[in-house]
Amino acid sequence: MSREDELRENLRNVRERIQAACQAAGRPEGSVTLVAITKTFPVSDVRALADLGVTEVGENREQELKVKAPECPDLVWHFVGQLQSNKARSVARHAQVVHSVDRLSLVTALSKAAVDEGRVLRCLLQVSLAAYGPADAATGVNRGGVEPADVPALAAEVAAADWLELGGVMAVAPLGADPDEAFAGLADVASRLRSEHPGADWISAGMTGDLEAAIRHGATHVRLGRALLGTRTPLG
Ligand SMILES: *Cc1c(COP(=O)(O)O)cnc(C)c1O
């Protein structure tokens, strides 16, 4: 099977999963946007997905974003990874949406970069769901995120920042957590945020392993890598 055929089949399966999950949740078809996470895969795969109708793509490393995005300027680029402030300028130049805003210093850096670049940047607050993970999760991978209690203050900073648009929330369910509990918690945070900021209505949640649970709990954007592109070879 050619790579194109493989991607076409994967995309069809993914669209079916999303549609079935929407149906089961009593949500309209088309209420969930697919963001293809293309990290570690070549730009030829990004192009192939675009040819199959994918319009939103994401990266989790600035080094990959800055290489791939200029080659596919017709796509909407999302940045979903941990972000150091010194990479904010590059991300503001190449992405339209940042899913991983989790601290004030990053808000400041992104706003300054967006102003300098003359590009509006939509920002999602990455919320920590560590409270839903196993008690020993502190020894695991630190997936980042602002504590739910600190969301209102950080949201106010983004809303007040020049050239940043407060878009909503993003989260990754902790390893070993019940994704339904974790995403229900996220839905709660999202609904409190919306009551203060009605335009901040995106919920970015759900990956290859847990997209159904995320859609049950209101995800508007699912971030799918492996289900579309296959197993990743870890980068160094
Ligand atoms: C890699 C990645 C994804 C996609 O994960 P899959 O399990 O491959 O679907 C989603 N979100 C973030 C933040 C990622 O880094």
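**Disulfides.** I looked for disulfides in this predicted model. The count is 0. I wanted the distance rule in mind here: two cysteine sulfur atoms have to lie within 2.5 Å to be counted. Such a link is a covalent bond between the sulfur atoms of two cysteines. I then checked how two cysteines sit. Cys22 has 2% relative accessibility, so it counts as buried, the limit being under 20%. Cys123 comes out at 1%, so it is buried too.

**Ligand site.** Next I asked which residues surround the ligand. I noted Ile37, Lys39, Asn60, Val80, Met170, Met207, Thr208, Arg223, Leu224, Gly225, Arg226 and Arg232. I sorted this shell by class and got 5 nonpolar, 3 polar and 4 charged residues.

Then I went through polar contacts to ligand oxygen atoms. Gly225 uses its backbone: an N or O atom there lies 2.8 Å from a ligand oxygen. Arg226 uses its side chain, with an N or O atom 2.7 Å from an oxygen of the ligand. Arg232 also places a polar side-chain atom 2.7 Å from a ligand oxygen. How much of the ligand does the protein bury? Taken alone, the ligand exposes 390 Å², and the protein buries 92% of that.

**Gly58.** I moved on to strand S2, which runs over residues 56–59 and holds Gly58. Is Gly58 buried or exposed? Its relative accessible area is 0%, so I entered Gly58 as buried. I looked up what touches Gly58, leaving out residues up to four places away in sequence. The list is Val35, Ala36, Ile37, Thr38, Lys39 and His78. Ile37 and Lys39 from this list are also in the ligand shell. I checked Val35 by distance as well. Val35 and Gly58 are 23 residues apart in sequence, yet their C-alpha atoms are 6.3 Å apart.

**Helix H2.** Last, I looked at H2, residues 43–51. Which of its residues are buried? I found Asp45, Val46, Ala48, Leu49 and Ala50. An α-helix has 3.6 residues a turn, so residues three or four places apart point the same way. I then asked what covers the buried residues of H2. The cover includes helices H1 (3–24), H3 (62–68) and H9 (226–229). It also includes strands S1 (33–37), S2 and S3 (76–79). So S2, the strand of Gly58, is part of the cover over H2. After H2 comes Gly53, and I noted its positive phi, near 110 degrees.

Terms used: Residues numbered from 1 in each chain as written. Predicted model: local features only at pLDDT ≥ 70, side-chain atom pairs only at ≥ 80, totals over all residues. Heavy atoms only, no water. Helix = DSSP H or I, 4+ residues; strand = E, 2+ residues; numbered from the N terminus. Buried < 20%, exposed > 50% of the residue type's maximum accessible area, 1.4 Å probe, protein only. Contact = heavy atoms within 4.5 Å. Near = heavy atom within 4 Å. Polar contact = N/O pair within 3.5 Å; in protein donor to acceptor, adjacent residues only side chain to side chain. Areas by Shrake-Rupley, 256 points an atom, 1.4 Å probe, with all protein chains shown as cover. Nonpolar A, V, L, I, M, F, W, Y, C, P; charged D, E, K, R; others polar.
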